[in-house]
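Thanks for coming. I will take this structure one part at a time, and I will start with the term that the later part of the talk depends on.

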Amino acid sequence: MMTKILYLFVNILLCLGKCACEENATVSSLNNGTNKFIRELIPLKAPQNLTLHNFDDKEAVISWEPIPSESVRGTFRGYIVRIWNNGLSQVYAIPPEITKTSVQFFPYSKNFIAVSVRNDKYVGPRSAAISFDAPQTEPGMPFLFEYNQLGSHSALLQWSKPNTPNGILLGYNLYCSEALEFGINEKSTVNEFIQGPGNTQAKITGLKLGQKYQIEIAAVNCAGESEHNTLVVEVEPHQPYPPSMPSFKYKINYNATEKTDYFHKECSKPRYPYTPQSTLSIDHIDDDSYIFNVTAEKVVTPKPSTTVAPEQLQQVTAGDDPCMVKTLIKWIPDVVHNPGEYFFMKYRLKGNPDWIETPSEQSEDFLIINNFNGCRSYEIVLVAVDGEYRTESEIQETPAVLFMKRY
């Protein structure tokens, strides 16, 4: 019995010795071979000379100097590039051999960029950040786009503002074409510019029963046009019946601006200016904590003084009365029920028993009242029409506003 126990004990010792020898051999191989163990520590140095070269479409091209390999203190896995503005941030992983790349910037805002080294375990200190004012780019597409029929030959189009205007939003391009079995009839295409970023409604009329139409909407800013959102419109026969109560908005002292003048005025604004590459100004930010504590600077451009000397204000004649202005009326149909097919306005000076009626507006969803006395208070009513049926809105009372003519 004792002999068996001694035999087992010797075999156990021999087995333990063998395992220890194999472990030592493995450690020796790791220490002496090509796959030796590398201890990962935080890299010591930040990349130097981070430089912005130019803008390429919607991207910024940047470069930096290669990092010394001994400062990585681990397996060199490349670089981390971070770009951000006052509300958004994006991180890019760049391979070790790359020291010049492009990153997508955030349009129409002040952008910041910093770069760091990374190994298998850690990201090193960030470089001095650079900042620049990014240019405008084409806006995002209006996401929601729908229509409601008005009568038998018209439709009301409604859409949403784009989530990413990417600049100064000017309005929308609207395209209407007759739809064919495959594609559209390009000869029938009609294009209209809808001015104003908040003007997200338009009426199309003259539609034929049994004909399908392809309607496209695109947002427009100073950099160009967005992708198109498309829907197909086909009107159905409509039997007139009393419209539901409409509503409307108005703007006193409305001045229409030609498209060219409007574009020039809006796109000449100094907000977030894009500086040409030849004179590009880049700020280097050395304070590392600034990267995580960005405070958007509010730059106020002083406006030229509009103060007018009292002697410049003169009493004008009745024929040149500054109180007589244009007023825009915007129809807001009740599309949940029967909106009606078209509308007209009636208005009167407050206290006057007699109403003034405008001609029916059958093509647009708005009309302009000329010679509207902005210095007096009016009562205004919009009347929605569907065949022989009419429905009036609630009365809106306009405020009396003093308009002075300046010489």
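A disulfide, as I use the word here, is a pair of cysteine sulfur atoms within 2.5 Å. Please also keep in mind that this is a predicted model.

How many disulfides does that rule give? The count comes to two. Take the pair of cysteine 323 and cysteine 375 to begin with. Their sulfur atoms are 1.9 Å apart. The torsion about the S-S bond is -80°, and the link is left-handed. Where do these two cysteines sit? Cysteine 323 is in the loop between β17 (283-285) and β18 (324-332), while cysteine 375 is in the loop between β21 (366-373) and β22 (378-386), so the disulfide ties together parts that are 52 residues apart in sequence. Is cysteine 323 buried or exposed? The cut-off for buried is under 20% relative accessible area. Cysteine 323 has 12%, so it counts as buried.

The other disulfide joins cysteine 222 to cysteine 267, with an S to S distance of 2.0 Å. This one is left-handed because the torsion about its S-S bond is about -95°. Cysteine 222 belongs to the loop between β13 and β14, and cysteine 267 to helix α2 (residues 259-267); the two are 45 residues apart, and the pair links distant parts of the chain. As for cover, cysteine 222 is partly exposed, at a relative accessible area of 26%. Cysteine 267 is also partly exposed, at 31%.

If you number the bonded cysteines of the protein in sequence order, the pairing reads 1-2, 3-4. Cysteine 176 is a buried residue, with a relative accessible area of 16%.

Now the overall picture. The protein has two helices and 24 strands. It has 407 residues, and 36% of them count as buried. Its accessible surface comes to about 24700 Å², and carbon and sulfur atoms make up 52% of that. Looking at contacts with a separation of 6 or more, 70% are between residues 24 or more positions apart.

Next, the strands around β13. How many residues of β13 are buried? Strand β13 covers residues 213-221, and eight of its nine residues are buried, which leaves the strand mostly covered. β13 runs antiparallel to strand β10 (residues 169-179), and nine bridges join the two. Within that pairing, glutamate 178 has tyrosine 213 of β13 as its bridge partner. β13 is also joined to strand β15 (residues 229-233), by five bridges, again antiparallel. Here tyrosine 213 stands opposite valine 233 of β15. So much for tyrosine 213; at asparagine 221 the facing residue is glycine 224 in β14. Strand β14 (residues 224-225) is antiparallel to β13, with two bridges between them. A hairpin through two residues makes the connection from β13 to β14. As a general reminder, strands of a sheet pair through backbone hydrogen bonds, either parallel or antiparallel.

There is another sheet to look at. It is an open sheet of three strands, in the order β16-β18-β21, and the pairing is antiparallel. Which strands stand at the edges? They are β16 (247-252) and β21, each with a single partner strand, so one side of each has no neighbour in the sheet. From one strand to the next, the twist averages 25°. Six bridges join β16 to β18. One of the residues involved is lysine 251, whose bridge partner in β18 is leucine 328.

Last, the nonpolar cores. The largest one has 21 residues, and those with the most contacts inside it are Trp64, Val81, Ile113 and Phe132. Which elements give two or more residues to this core? They are β1 (51-56), β2 (59-63), β3 (78-84), β6 (110-118) and β7 (129-133). A second, separate core has 19 residues, including Trp159, Leu169, Ile217 and Val235.

Coming back to the largest core, what does tryptophan 64 touch? Leaving aside neighbours within four places in sequence, tryptophan 64 is in contact with several residues, among them Pro47, Leu50, Tyr79, Val81, Ile94, Ile98 and Val115. Its contacts also include Gln48, Asn49, Thr99 and Thr101.

That is the end of the talk.

Notes
Residues are numbered from 1 along each chain as its sequence is written. This is a predicted model: local features need pLDDT of at least 70, side-chain atom pairs count only at pLDDT 80 or more; totals for chains, interfaces and linings use all residues. Side-chain values use heavy atoms; hydrogens and water are left out. A nonpolar core is a set of buried Ala, Val, Leu, Ile, Met, Phe, Trp, Tyr and Cys residues joined through side-chain atoms within 4.5 Å. Buried means under 20% relative accessible area, exposed over 50%, partly exposed in between (1.4 Å probe, protein chains only). Helices (H or I, at least four residues) and strands (E, at least two) are DSSP runs, numbered from the N terminus. Contact means heavy atoms within 4.5 Å. Two strands pair if DSSP finds at least two bridges between them. Accessible areas come from the Shrake-Rupley method with a 1.4 Å probe; for residues, only the protein chains shown count as cover. Axes are lines fitted to C-alpha atoms, for helices over the stretch in contact, and angles run from 0 to 180 degrees between N-to-C directions.
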